[in-house]
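Please open the model in your viewer, with the sequence panel alongside, and follow the stops below in order. Each stop suggests a selection and then says what is to be found there.

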Amino acid sequence: MQNPLISIIIPTYNASDCLQSAINSVSANQYPHKELIVVDGNSTDGTLEIIKENDKKISNWISEPDKGIYHAMEKGIRLAKGDWIYFLGADDVLENCLHHVKNFLHDQKTIYYGDVYYLKSNVNYDGKFDLKKIIDKNICQQ
């Protein structure tokens, strides 16, 4: 798969203070074969207005009550058309990396993951996972 479609799903709820940065980071990503899906849990803080203002950057969005972040993720998966799915927190940003990452996406039966950089503490989370590490920690949803 030379240029797979990557679906980026942002589950969100009352994230008006940070959602714009997440949307901008996806939009600025140089990889052209991507879609952005925003699944909002019926926010009441201005999040919906941000979604509507960014309608041209968002491939698909929905705003309705849900049963939490994992339910929102499931909704996003159902809306996704991509060959690969990437979850991005509404308070996170996506580095300009998809054009590099796509070169590693070979086997659709494999879960690919990478480090997550915590800006506030200047720490990477957190290298290669083996069985013990997966039991003791978790792989970040990103």
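## Starting at I6

Select I6 to begin: at 4% relative accessibility, this residue counts as buried. Keep in mind throughout the tour that the model is a predicted one. I6 lies in strand β1, and if you display what surrounds it, setting aside neighbours within four places in sequence, you will find I6 in contact with Y31, H33, K34, E35, W84, Y86, L98 and L105. Add P32 to the selection and draw a distance between the two C-alpha atoms: I6 and P32 are 26 residues apart in sequence and 9.4 Å apart in space.

## The whole of strand β1

Now extend the selection to residues 6–12, which make up β1. Seven of the seven residues of this strand are buried, so β1 is largely enclosed by the rest of the structure. Which residues of β1 point one way, and which the other way? I6, I8, I10 and T12 point to one side, whereas S7, I9 and P11 point to the other, and all of them are buried.

## The sheet around it

Show the strands as a cartoon and select the open sheet, in which four strands follow the order β3-β2-β1-β4 with parallel pairing. At the edges are β3, residues 60–63, and β4, residues 84–87, each of which pairs on one side only. From one strand to the next, the twist averages 15°.

Going from β1 to β2, you cross seven bridges between strands that run parallel, and a useful place to check the register is I9, which stands opposite I37 in β2. Strand β2 covers residues 34–40 and is joined to β3, again in parallel, by four bridges. Here the pair to select is D40 and S63, the latter standing opposite D40 in β3.

## Helix α1 and the nonpolar cores

Next, select helix α1, residues 19–28, and colour its buried residues, which are L19, A22, I23, S25 and V26. Looking down the axis of α1, you will see these buried residues fall within an arc of 160°, so they line one face of the helix. The elements that cover them include β1, β2 and α2, the last of these being residues 47–53.

From α1, turn to the largest nonpolar core, which has 21 residues, and of these I6, I8, I10, L19, L36 and L88 touch the most other members. At least two residues of this core come from each of β1, α1, β2 and α2, and α1 gives the most, with four residues. For a view from inside, select I10 and, not counting residues up to four places away in sequence, display what it touches: L19, A22, I23, L36, I37, V38, V39, L88, G89 and A90. Apart from this core lies another, of seven residues, among them I9, I37, A80 and F87.

## A loop residue, N42

Move on to N42, which is found in the loop between β2 and α2. Is N42 buried or partly exposed? At 39% relative accessibility, N42 counts as partly exposed. Leaving aside neighbours within four places in sequence, its contacts are Y13, S63, E64 and P65. For a distance across the model, add Y112, which is 70 residues from N42 along the chain, and you will find their C-alpha atoms separated by 31 Å.

## Two salt bridges

Side chains of opposite charge can pair when their charged atoms come close. How many salt bridges does a search of the whole structure find? It finds two.

For one of them, select E64, already met as a contact of N42, together with K75: the two form a salt bridge in which the closest N and O atoms are 2.8 Å apart. The pair links distant parts of the chain, since E64 sits in the loop between β3 and α3 (69–79) and K75 in helix α3, eleven residues apart. E64 is partly exposed, with a relative accessible area of 30%, while K75, at 8% relative accessibility, counts as buried.

For the other, select D136 and K132, whose side chains meet in a salt bridge at 2.5 Å, N to O. Being four residues apart in helix α5, residues 131–136, D136 and K132 are separated by about one helical turn. Here D136 counts as exposed at 52% relative accessibility, and K132 also counts as exposed, at 57%.

Terms used. Residues are numbered from 1 along each chain as its sequence is written. This is a predicted model: local features need pLDDT of at least 70, side-chain atom pairs count only at pLDDT 80 or more; totals for chains, interfaces and linings use all residues. Side-chain values use heavy atoms; hydrogens and water are left out. Two strands pair if DSSP finds at least two bridges between them. Axes are lines fitted to C-alpha atoms, for helices over the stretch in contact, and angles run from 0 to 180 degrees between N-to-C directions. Buried means under 20% relative accessible area, exposed over 50%, partly exposed in between (1.4 Å probe, protein chains only). The arc is that of the directions from the helix axis to the C-beta atoms. Contact means heavy atoms within 4.5 Å. A nonpolar core is a set of buried Ala, Val, Leu, Ile, Met, Phe, Trp, Tyr and Cys residues joined through side-chain atoms within 4.5 Å. A salt bridge is a side-chain nitrogen of Lys or Arg within 4 Å of a carboxyl oxygen of Asp or Glu.
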